[in-house]
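Thanks, everyone; I would like to take a few minutes on the packing inside one model. Please have a look at it before I go on.

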Amino acid sequence: MVTTGGSTSPRPETERKRKRILRAAIETFGTKGSANGTLADIAEQVGMTHAGVLHHFGSKQNLLLEVLEFRDQDDVAHLADQRIPGGPALFAHLVDTALRNAQRPGIVQVYTVLSSESVTDDHPAKSYFFERYHTLRLEIDAAFRELCSQENVTDPDTIDKAAASILAVMDGLQLQWLLDPTAIDLAKASEFAIEAIVNGVLHPGPPVSSYVRAP
């Protein structure tokens with residue numbers, strides 16, 4: 001965390017200002033993107049000057065990265081130990097996250113915008129999303145292997161594909177939901193997809209091609 005005055009524990013008033021700036025940045029970056037959303041836009045929302053925002057975060061890049069950190073903290077703030085659970089409990093957490101995301105469109109919007117932008121060259125959040133997906137795939141992979149062991153599923157060669165697919169379907173449904181909230185029930189669709197992928201690893205069925213009737 002970027003700090004002021006050499007302190008690692010900001011004063012309560014300083015912390016309140018920082019959170020106001022972060023929430024304004026979530027709205028700005030979520031609606032305009034990180035390139036078009038400016039510190040001046042954010043400063044105007046919170047009734048501060050451009051210099052005032054810089055005083056708290058140092059640079060636009062620092063603010064952008066702290067927005068992502070703020071999102072991660074919000075993801076686990078309701079958990080007892082404020083950490084993502086491991087093992088099979090991780091799947092229940094992913095379903096719960098989808099349910100909660102339906103109630104916080106601003107957080108979902110900024111994540112979707114910034115993750116899409118991060119594939120471009122030299123984007124400040126590129127390493128964040130690279131590491132995020134890498135870490136989450138490993139954690140979901142480990143959860144699958146533990147679950148398969150519990151259920152006596154041997155040689156689960158679909159795990160790697162399943163781990164990536166869970167993340168892809170969650171992010172893809174979020175995009176569809178943001179574009180048309182009336183067409184997608186984000187919570188139910190995400191829950192269905194996660195459960196379908198987990199069950200597909202534990203109880204694989206016939207390939208889709210087997211349902212295609214010969215002419």
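I will go through the nonpolar cores, then one helix, and then the aromatic pairs.

A word on the basis: this is a predicted model, in which local features need pLDDT of at least 70 and side-chain atom pairs count only at pLDDT 80 or more, while totals for chains, interfaces and linings use all residues. Residues are numbered from 1 along each chain as its sequence is written, and side-chain values use heavy atoms, with hydrogens and water left out.

The largest nonpolar core, meaning a set of buried Ala, Val, Leu, Ile, Met, Phe, Trp, Tyr and Cys residues joined through side-chain atoms within 4.5 Å, has 24 residues, and those that touch the most other members are Ile21, Phe29, Ile42, Leu63, Val67 and Phe129. Buried here means under 20% relative accessible area, exposed over 50%, and partly exposed in between, with a 1.4 Å probe and protein chains only. At least two residues of this core come from each of α1 (12-36), α2 (39-46), α3 (50-57), α4 (60-76), α6 (105-117) and α7 (126-150), where helices are DSSP runs of H or I of at least four residues, numbered from the N terminus. The largest share, six residues, is supplied by α1.

Turning to α3, its buried residues are Gly52, Val53, His56 and Phe57. Seen down the axis of α3, these fall within an arc of 120°, so they line one face of the helix; the arc is that of the directions from the helix axis to the C-beta atoms. The face turned away from that buried side carries the exposed residues Ala51 and His55.

Which aromatic pairs does the whole structure contain? A search finds three, taking rings of Phe, Tyr and Trp (its six-membered ring) as paired if their centres lie within 6.5 Å, with planes under 30 degrees apart counted as stacked, over 60 as edge-to-face and the rest as tilted. In one of them, the rings of Phe91 and Phe144 have centres 4.7 Å apart and planes at 55°, so the pair is tilted. Because Phe91 lies in helix α5 (residues 89-101) and Phe144 in helix α7, this pair ties together parts that are 53 residues apart in sequence. Phe91 is buried at a relative accessible area of 7%, and Phe144 is buried at 0%.
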